[in-house]
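Me: I have a structure open and would like to talk through a few spots in it. Could you start with whatever definition we need for judging exposure?

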Amino acid sequence: MSARPFEYVGIPRWRRRATRLGVYFGLTVITITMLYPFWSMGSASFRSYDQWLSGHGFSLTSWHDLFQQLNVWQMLWNSTLITASAIGIILVVSTTAGYALGTLRFRASTVVLLVIVAAMMVPLQSMIIPEYVNLAKLGFINHYYAPILVYAALGAPFATFLMTTYFRRLPEDVIEASLIDGLGYFKIYFRIMLPLAVPAIAAVVVLQFIQIWNDLLVGLLFLQTPQLHPITVGLATVGAQHTLNVPVLMAGSLASAIPEIIVFLIFQRYLIAGLTMGMSK
Amino acid sequence: MKTTETSAVAAVEPVKAPETRARPRSRRRSGPLAVKRQRAGIVFALPVVALVGSLLLYPTGQSVYYSFTNWDGISAHWIGTAAYAHLFHSPGFSQVLKNNAYMILAIPAAVLVALGTAFLIDTRPRGWRFFRSAIFLPTVISWVVIGSIAVQFFQDNGLLQGLLDHSGLGMFHPNMLSHEGRALVAVMITFIWSMLGCNMVIFLAGMATIDQEIYDAAKVDGAGPLKILFRITLPLLRRFAQFTFIFSLIMAFSGIFSLIFVMTGGGPGFGTTTLEFYIYQEAFSSGDFGTAATAGTVLFVAIFVISMLQLRIFRGND
């Protein structure tokens, strides 16, 4: 990684310097464009409405008002509960399926995998209306488990695919050795395969966390009572019940983004790995 | 990230399958152990089949069926292709299709800006990790948050107007969100902005696959940086450019419901109603579930065709 293509030795020094300066300039402009909105969100949230209008000052009024007017903790809890449960289900079905399709490869596994790949292409909006009607008939609306199940079904195909390709790369010898050691296929899954799959599991967890935490539509349709609203639904529909001024709304946005920013900072590596999995050789 | 992240990532994956499938299969195909293995495989595959089958594929099938009916959520009568004729003659639907077509125009920008940024970062200046993280950050932020920030930016007397005033362009009052023709442009700009990080990371992954030796060889042959860029780096990144293009397209068509919901609510008029938003509006504002299912099927077919295109491109290249 030391010599990048642009650090070409034959170029005169001043041109190299100019190039580097140009690179910094370009990156700085882009980075400011990317971060400025977040800075403006943060700074607005620490001002009262009057201070925000005048453009300077510091106050916690908006944060205070936010917690007065919206049940932020409840919403964050709802989001956490839904996200965690859905990820739990996704992990169970995707690791077992990955083991079945990637390692055991029973006779119909190619067909099953093909169907799973096809399922990944279904856009949410194309199935959500029959889904809504089906679950409404079962009386699932306004229960946590409705969005949990829907998110699990939406996330499972990709997670399964990722697990299958991951398990496929594990050598067959591992299985044969374990069989000789007298382990059955169930024990091999629990004792050998799951521990080996930790990197893939991490990628699935991070990707799904961001996806589910950020989603609006499923929560909007399946959880209509305000007490059950996840944070995204709470923020997106807040205009209907209260009139929040801009600084308060920005405080709410920041509150919903903080868990994501934390996850991003800690697990960025897995996120990038999951996103680009299969792209690089 | 946002709604269709997974389906988009998935779209890459067909590339991988043919490569990995080459691995030799288990030698034993019969015998008690093989039977056990078959049985275990079926048992372990059951949960995902049950979940995806009942909650994803079944409603998709229903949607296709109901797309030929005048379904109101309770009863449905088969009206055949008349349902599609009805959809395409609905007031506003041509505008909806036009909006989707306009969204395609945002894709080259979303790809090229990301490609340029990736080049800058790939020169590895000091602190490139910081730049990468900062530019990637919006990828993890929900559309709801991005949308409410974007509203502050684009609305009348918002930040954009402030910038114009300060730079002596105060005579312009774009007031983008309340103008039927301009609101979509605001959505497109926000979309490009928030796709930058994700596409950039994909390009960076692509650049990391290029062997340093190729560059060294080119340098020995006397190629300058621009020649290297156009003759080596860009051709080798073709696959990744195609992927980001299709990924962004799928996002633009089926992944920005929440952004539109928060920024404009589909308006003014049908100004920012894309197909995915139209489905929601038909079903849950107008109560016309049948038309919504028809529109949903149109979207499904569109995404499916785009994904297939992607598959073909990848198969063709390798």
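Reply: A residue is called buried if 20 or more other C-beta atoms lie within 10 Å of its own, exposed if 12 or fewer, and partly exposed in between. Please keep in mind that this is a predicted model.

Me: OK, so how does G88(A) count, and why?
Reply: G88(A) counts as partly exposed because it has 13 C-beta neighbours inside 10 Å, and the cut-off for exposed is 12 or fewer.

Me: Where is G88(A) placed, and how far is it from A152(A) in space?
Reply: G88(A) sits in helix α4 of chain A, and its C-alpha lies 8.4 Å from that of A152(A), although the two are 64 residues apart in sequence.

Me: Where in chain A is confidence highest, and where lowest?
Reply: Helix α4 (residues 72-104) of chain A has the highest confidence, at a mean pLDDT of 93, while helix α13 (residues 238-241) of chain A has the lowest, at 68. Chain A as a whole averages a pLDDT of 85, with 93% of its residues scoring at least 70.

Me: Switching to α14(A): where is the kink centred?
Reply: The kink, of about 80°, is centred on F267(A). The end C-alpha atoms of this helix, which has 31 residues, are only 37 Å apart, whereas a straight helix would reach 45 Å at 1.5 Å a residue.

Me: And how many residues does the contact take from each chain?
Reply: The contact takes 91 residues from chain A and 96 residues from chain B. On the chain B side, helix α3 (residues 32-66) of chain B gives the largest share, 21 residues, and by class that side has 58 nonpolar, 26 polar and twelve charged residues.

How values were computed:
Residues numbered from 1 in each chain as written. Chains lettered and ligands numbered in written order. Predicted model: local features only at pLDDT ≥ 70, side-chain atom pairs only at ≥ 80, totals over all residues. pLDDT = per-residue confidence, 0-100. Helix = DSSP H or I, 4+ residues; strand = E, 2+ residues; numbered from the N terminus. Expected span 1.5 Å × (residues − 1). Bend = angle between axes of the 7 residues up to and from the residue. Contact = placed C-beta atoms within 7 Å. Nonpolar A, V, L, I, M, F, W, Y, C, P; charged D, E, K, R; others polar.
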